[in-house]
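Q: Could we go through this model together, starting with the overall picture and then moving to individual residues?
A: Certainly; please have the structure open.

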Amino acid sequence: MPSTHNSRATLGGLLIALGIIYGDIGTSPLYVLNAITSGRVITEELIVGALSLIIWTLTLQTTIKYVILTLRADNRGEGGIFSLFALVRRRKRWLVVPAMIGGAALLADGMITPPISVTSAIEGLKQVPALHDINQWTVIYIVLAILGVLFFLQQFGSAFIGRFFGPIMTVWFLTLAVLGVYHLSDYLHIFKAFNPWYGIKLLISTPKGFYILGGVFLCTTGAEALYSDLGHCGKWNIRYSWIFVKTCLILNYLGQGAYLLSGFYKDPATGSMKRILGAVVTPEMIEKGFNPFYGVMPEWFLYFGITIATAAAIIASQALISGSYTLISEAMRLNLWPKLQIKYPTEERGQVYIGGVNLMLFTGCVGIVLYFKKASSMEAAYGLAITLCMIATSILFANFLVLRRIKPVFIYLYLTIYLTIEGAFLLGNVDKFPHGGFVTVIVAGFLFFVMFDWFRARKIKNRYVEFVRLEHYIPKIQELSNDRSVPKFSTHLVYLTSADNPREIEHKIIYSILNRKPKRADIYWFVHVDTLDDPYTTEYKVDHIIPNDIIRVEFRLGFRVEPRLNLMFRKVVEDLVKNREVNITSRYESLERNKVVGDFQFIVMEKYLSQDNELPFFERVIMKFHFWLKEASLSEERGFGLDVSNVTVEKFPLIVAPVTNLKLRRVE
C-alpha cells in the first residue's frame with residue numbers, strides 16, 4: 001500500500017525524515033570545505049566564491065531539482081531511481097540504460113559514504129590536544145570496528161536504534177547551526193556568498209577553477225536520498241524538514257568560511273595560533289588534524305562534537321545501507337539483478353535485509369578504508385559516480401514529464417539547465433579520477449555490468465522461448481490425465497509459466513508433460529507472475545481453462561512485493577475451494593473416500609547453456625557470465641518462495657544459436 005505520509009506533514013513524519021533521509025547530506029560539512037581548500041591558498045575570493053557555489057548548488061540541485069520537482073514523480077508513495085524507471089519504462093526501451101547506470105552509481109556511493117563519513121568524524125580526535133598525535137592506523141582500526149558492528153547488526157533490523165535517529169539528527173543539525181552562527185561575526189563580509197556572481201567569478205578567474213566543482217559537489221551528494229526515501233517519509237515531510245536542514249547547513253558553511261577568513265587557526269599539536277589567511281592548506285596540515293569543521297568548535301566542546309558527529313556519520317551509513325537493500329530488491333523484481341535471499345528482520349514496513357548485499361557493501365567499505373586510509377584521500381575519490389546517477393535521474397524525470405503531458409518547452413528547459421549543471425559537475429569531478437575516483441568508477445562499472453548482463457541475457461534467452469497455443473494440446477493432456485496405464489506423478493501438478501497470454505504456454509512445458517517423461521496428474525495448474533510498475537499491488541486472477549482439470553492462476557504483483565508463491569498459491573487454492581470452484585480431494589479411491597487432500601507438486605524448469613550453440617563472442621561472454629551469476633545466486637524455487645520439498649527441478653538445454661553447418665563425412 002502507498003505511504004500514508006504523502007498527504008500532509010506531521011511532527012512524527014518530520015522527525016522520521018530528519019532521522020533517515022539527511023544523514024549523507026547532513027554530514028557533508030565534515031569534509032566539504034576541507035576538500036575545497038586542500039592544496040589551495042586561503043583567500044577571500046576562494047572562500048566566498050566556494051560558499052556561493054555551495055549555497056546555489058544546494059538551491060538549484062537539491063531544493064529545486066529534487067525537493068520541488070523530482071518528488072512529484074510519486075509512484076504510489078514510492079521514490080528512487082527504479083521507482084521512477086518503473087513509471088516510464090514502457091515509453092522507451094533504452095531508458096533501462098540510465099536506470100542501470102543510476103542504480104549502479106548509487107550502490108557504489110553506498111560503499112564510500114560510510115567510510116568517508118565515519119573516518120571524517122573519528123579524525124576529529126586529532127583536534128583534541130591530548131590526542132593530537134594519534135596514529136592514523138588507530139583511526140583506521142576504530143573506523144573498521146564501527147563499520148564491523150554496524151554491518152553485523154543489519155541482520156537484526158534497525159527498528160530499535162531507528163527510534164533514536166530523529167532526535168540525534170535534530171541535535172546534530174542544531175549543533176551545526178549554533179557553531180556556524182557562533183563564528184559569523186568573525187568575518188561579516190561572508191554574507192556576500194549569497195551573491196552567485198562570486199561563485200561564477202571564482203570558476204572563470206582561478207586557474208583550473210573549474211575543478212573546484214569537484215569539492216563543491218560533495219555538499220549535495222545526499223540529494224538522491226531525498227527521492228529514494230519518499231516512501232518512508234512522504235514528500236511534504238521531506239519538503240518542510242528540508243527548510244530546517246538547509247538553513248542549518250548554510251549557517252555552518254558560512255561559519256566555517258568566516259573562521260577561515262578570520263586569519264588564524266589553532267594548531268592542535270602545539271596549541272598555538274597559526275596564520276591561515278594567505279597560506280596553502282598542505283597535506284601535512286590535514287594529516288595533523290586541520291579541519292575547519294572542528295576548528296569552529298571550542299576546545300571544551302570537542303568531545304561532544306566528535307561524539308555527535310560520529311553518531312550522525314553512523315546514521316548516514318545506516319541510511320545508505322538500508323537504501324541499498326531496497327534498491328537491490330527492486331532491481332530483482334524488475335529483472336535487473338540476480339535473485340538473492342531477502343529477509344524481513346522486523347515488522348517495520350519496507351525494512352529488508354539481504355545478506356549478499358550486506359557482505360558486498362561491508363567488503364567494499366573495508367576495502368575503501370584500507371586503500372585510502374584518510375578522509376582527505378576519500379574526498380578525492382568521492383562524487384564522481386553519484387554525478388552519473390543524478391544525470392540518469394534527470395533523463396528519466398524528463399520522460400516522466402512527457403508522460404504527464406508537460407509542454408515540451410519546459411521539458412527542454414529542464415534538461416538544458418540540469419544536464420548543463422550536472423555535466424559541469426561531472427567535468428569538475430573528472431579531475432578526481434587519477435586520485436582515487438577510478439575506484440568508485442570501477443565498482444560502479446562492475447555493478448552496471450552485472451545489471452546489464454542479467455538484462456541482456458534475459459533478452460537472448462527469450463529468443464529460444466517458443467510459445468504454442470494451449471488449446472491444441474488440451475485433448476492430449478486430458479487423455480494423459482485419464483490414462484491409468486501411466487503412473488500418476490501427482491494429484492496436482494503446478495508449472496510456472498512466463499506466457500503473458502493465457503491462451504499460450506511454453507513448448508518446453510508441453511514437452512515436459514507429454515514427451516520427456518509423461519506426467520499424469522488429476523489437475524494441471526499453470527502459474528504466471530506479472531511484475532507491475534505499481535509498487536505494492538497484490539492481485540490474482542483465475543482462468544478455468546477446463547474446470548477441475550486445467551487451471552491458470554495469474555499473480556499481479558508490484559515491484560516491491562516479494563513473490564512468496566508458496567503462501568500465495570495456497571491462499572488462492574483455499575479461496576477456490578471455499579467458492580466451490582475446484583475439488584482438491586485426492587482421486588485415489590481409498591483417499592477420496594476419506595476426503596484426503598491430494599498432493600501438490602511444483603515443476604521448475606531450469607536452463608543450462610548447451611554446448612550446441614554458435615553465439616557471437618560478445619553474447620557468449622554475456623551468457624557465460626550470466627550462468628556464473630545464476631550459480632552464485634538464489635535458485636529459481638527459492639527465489640519464488642516455494643517449499644523445496646514440493647518442487648521437482650527439470651534441467652533442459654538452452655539453445656539460442658543452434659549449429660547450422662556441421663561438417664561430418666562418412667567413410668567406409
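Q: What share of the chain's residues count as buried?
A: Of its 668 residues, 55% count as buried. Please keep in mind that this is a predicted model.

Q: How many helices and strands are there?
A: The chain has 28 helices and twelve strands.

Q: And what box do the C-alpha atoms fill?
A: Taken along the principal axes, the box is roughly 100 × 65 × 55 Å.

Q: Among contacts between residues at least 6 apart in sequence, what percentage join residues at least 24 apart?
A: The figure is 84% for this chain.

Q: Which domains does the assignment give?
A: Domain 1 covers 15-456 and domain 2 covers 467-654. Their centres, taken over C-alpha atoms, are separated by 46 Å. The contact between the two takes 27 residues from domain 1 and 28 residues from domain 2.

Q: Turning to the interior, how many residues does the largest nonpolar core have?
A: It has 156 residues. Those with the most contacts inside it are Tyr-22, Ile-54, Trp-172, Phe-173 and Ile-190.

Q: Which element gives the most to this core?
A: Helix α6 does, with 14 residues.

Q: Where does the core lie with respect to the domains?
A: It lies between them, because domain 1 and domain 2 both give residues to it.

Q: Is there a general tendency behind such cores, and what is it?
A: In soluble globular proteins, nonpolar side chains tend to be buried together.

Q: Back to Ile-190: which residues is it in contact with, leaving aside neighbours within four places in sequence?
A: Ile-190 is in contact with Ile-47, Val-48, Leu-51 and Leu-184. Its other partners are Leu-254, Gly-257, Ala-258 and Leu-261.

Q: What lies apart from the largest core?
A: Another core, of 25 residues, lies apart from it; among them are Leu-557, Leu-565, Ile-584 and Phe-602.

Q: Now helix packing. How do α5 and α6 cross?
A: The axes of α5 (residues 81-88) and α6 (residues 96-122) come within 9 Å and cross at roughly 170°. The crossing angle makes α5 roughly antiparallel to α6.

Q: Which residues make that contact?
A: On α5 they are Ile-81, Phe-82 and Phe-85. On α6 they are Val-96, Pro-98, Ala-99, Gly-102, Gly-103 and Leu-106.

Q: How do these residues divide into nonpolar, polar and charged?
A: Seven are nonpolar, two are polar and none is charged.

Q: Different topic: where is Gln-61, and is it buried or exposed?
A: Gln-61 is in helix α4 (residues 44-69). It counts as buried because its relative accessibility is 0%.

Q: What does Gln-61 touch, not counting residues up to four places away in sequence?
A: Gln-61 touches Trp-56, Tyr-66, Thr-220, Met-390, Tyr-418, Ile-421 and Glu-422.

Q: And where is Tyr-495?
A: Tyr-495 is in strand β6 (residues 488-496). With 0% relative accessibility, Tyr-495 counts as buried.

Q: Which residues are in contact with Tyr-495, neighbours within four places in sequence aside?
A: They are Ile-509, Ser-512, Ile-513, Lys-519, Trp-525, Phe-526, Val-527, Ile-603 and Met-605.

Q: What about Leu-514, where is that?
A: Leu-514 is found in helix α24 (residues 507-516). Its relative accessibility is 21%, so Leu-514 counts as partly exposed. The cut-off for buried is under 20%.

Q: Which residues does Leu-514 contact beyond four places in sequence?
A: Leu-514 is in contact with Tyr-473, Lys-476, Ile-477 and Leu-480. The C-alpha atoms of Leu-514 and Lys-476 are separated by 7.9 Å, and these residues are 38 residues apart along the chain.

Q: Finally, backbone angles. What is phi of Arg-580?
A: Phi of Arg-580 is near 60°, a positive value in a residue other than glycine. Arg-580 is in the loop between α25 (565-578) and α26 (589-593). At 78% relative accessibility, Arg-580 counts as exposed.

Q: And what is the phi of Lys-595?
A: Lys-595 has a positive phi of about 55° although it is not a glycine. Lys-595 sits in the loop between α26 and β11 (600-609). Its relative accessibility is 67%, so Lys-595 counts as exposed.

Methods: Residues numbered from 1 in each chain as written. Predicted model: local features only at pLDDT ≥ 70, side-chain atom pairs only at ≥ 80, totals over all residues. Heavy atoms only, no water. Axes fitted to C-alpha atoms, helices over the stretch in contact; angles between N-to-C directions. Helix = DSSP H or I, 4+ residues; strand = E, 2+ residues; numbered from the N terminus. Parallel < 35°, antiparallel > 145°, perpendicular 65-115°, else oblique. Contact = heavy atoms within 4.5 Å. Nonpolar A, V, L, I, M, F, W, Y, C, P; charged D, E, K, R; others polar. Buried < 20%, exposed > 50% of the residue type's maximum accessible area, 1.4 Å probe, protein only. Core = buried A, V, L, I, M, F, W, Y, C linked by side-chain atoms within 4.5 Å. Domains from an automatic or database assignment.
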